[in-house]
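I opened my notebook for a fresh look at this chain. Here is what I looked up, step by step.

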Amino acid sequence: MAKDKTKENIEWLEKAVEQGYGKKCKDFQKDCWCCRAWEFFNEIKNYYLPNCDWKGKCKSKAFREIYHKKGWSYLCKKHFYQEQKRFKKQGKELGWAGLEEFEKVRNYKPKKRLG
Ligand SMILES: [Zn+2]
Ligand SMILES: [Zn+2]
């Protein structure tokens, strides 16, 4: 199996952005090139190396991508199991996919409920 270079590439890009635009500004300003470069970098990083989405507070590395009413979101290990437990208690099953199955996940369309 080919070695996954995603992490290396992201780290390279981070360095390139820092060299080109400088360190992140303290406050985001949409007219600032530096801020925009970092915003772009974050978008890419979140796509390839996502972090947990838990209420926007958790910064841990994502472990699973789950499906719920609002759509797909990422959860770290801790929050994934927490959420799975919560669903079980309610007699429901949590829909999820492993991050290694990105393509499948992104092309997944939940079946429409009839009636
Ligand atoms: Zn800035
Ligand atoms: Zn988390």
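My entries below go from the overall layout to single residues.

**Entry 1: the layout.** I am working with a predicted model. I started by listing the elements, and the chain has four helices and three strands. Reading from the N terminus on, I get the order α-α-β-β-α-β-α. I then looked at burial: buried residues make up 10% of the 115 residues. I also looked at the reach of the contacts. Taking those between residues at least 6 apart in sequence, I find that 35% join residues at least 24 apart.

**Entry 2: the helix pair.** Next I turned to H1 (residues 6-21) and H2 (residues 33-48). Their axes come within 10 Å and cross at roughly 175 degrees. Angles over 145 degrees count as roughly antiparallel, so that is how I describe H1 and H2 relative to each other. Which residues meet where H1 and H2 touch? From H1 I noted Thr-6, Ile-10, Leu-13, Glu-14, Val-17, Gly-20 and Tyr-21. On the H2 side they meet Trp-33, Cys-34, Ala-37, Trp-38, Phe-41, Ile-44, Lys-45 and Tyr-48. Sorted by class, this contact has 11 nonpolar, two polar and two charged residues.

**Entry 3: the sheet.** I traced the strands next. The three strands form an open sheet in the order S2-S1-S3, with antiparallel pairing. The edge strands are S2 (71-75) and S3 (95-98), each of which pairs on one side only. From one strand to the next, the twist averages 30 degrees.

How many bridges join S1 to S3? I find four, and the two strands run antiparallel. Two partners I wrote down: Arg-64 has Gly-98 in S3 as its bridge partner, and Tyr-67 has Gly-95 in S3. On the other side, S1 and S2 pair in the antiparallel sense over five bridges. There, His-68 stands opposite Gly-71 in S2.

**Entry 4: Ile-66.** I picked this residue from strand S1 (residues 64-68). Is Ile-66 buried or exposed? I find 22 other C-beta atoms within 10 Å, and the cut-off for buried is 20 or more, so Ile-66 is buried. Leaving out residues up to four places away in sequence, Ile-66 touches Ser-73, Leu-75, Phe-80, Glu-83, Leu-94, Gly-95 and Trp-96.

I checked one of those partners, Phe-80, in more detail. Ile-66 and Phe-80 are 14 residues apart in sequence, and their C-alpha atoms are 8.0 Å apart in space. With neighbours within four places in sequence left aside, Phe-80 is in contact with Phe-63, Arg-64, Ile-66 and Leu-75.

**Entry 5: the nonpolar core.** Ile-66 and Phe-80 turn up again here. The largest nonpolar core has seven residues: Cys-52, Ala-62, Ile-66, Tyr-74, Leu-75, Cys-76 and Phe-80. My side note for context: in soluble globular proteins, nonpolar side chains tend to be buried together.

**Entry 6: Asn-51.** I then went to the loop between H2 and S1, where Asn-51 is found. Asn-51 has 16 C-beta neighbours inside 10 Å, which lies between the cut-offs of 12 or fewer for exposed and 20 or more for buried, so it counts as partly exposed. Beyond residues up to four places away in sequence, Asn-51 touches Asn-46, Lys-59, Ser-60, Lys-61, Ala-62 and Tyr-74. Ala-62 and Tyr-74 are both among the core residues of Entry 5. I also looked up the spacing of one pair: Asn-51 and Ala-62 are 11 residues apart in sequence and 4.5 Å apart in space, C-alpha to C-alpha.

**Entry 7: Tyr-81.** My last stop was helix H3 (residues 77-89), the place of Tyr-81. Tyr-81 is partly exposed, because 14 other C-beta atoms lie within 10 Å. How far apart in space are Tyr-81 and Arg-64? The C-alpha to C-alpha distance is 9.8 Å, and the two are 17 residues apart in sequence. Arg-64 had already come up in Entry 3, as the bridge partner of Gly-98.

Note on methods. Residues numbered from 1 in each chain as written. Chains lettered and ligands numbered in written order. Predicted model: local features only at pLDDT ≥ 70, side-chain atom pairs only at ≥ 80, totals over all residues. Contact = placed C-beta atoms within 7 Å. Pairing = 2+ DSSP bridges. Axes fitted to C-alpha atoms, helices over the stretch in contact; angles between N-to-C directions. Parallel < 35°, antiparallel > 145°, perpendicular 65-115°, else oblique. Nonpolar A, V, L, I, M, F, W, Y, C, P; charged D, E, K, R; others polar. Core = buried A, V, L, I, M, F, W, Y, C linked by C-beta atoms within 7 Å.
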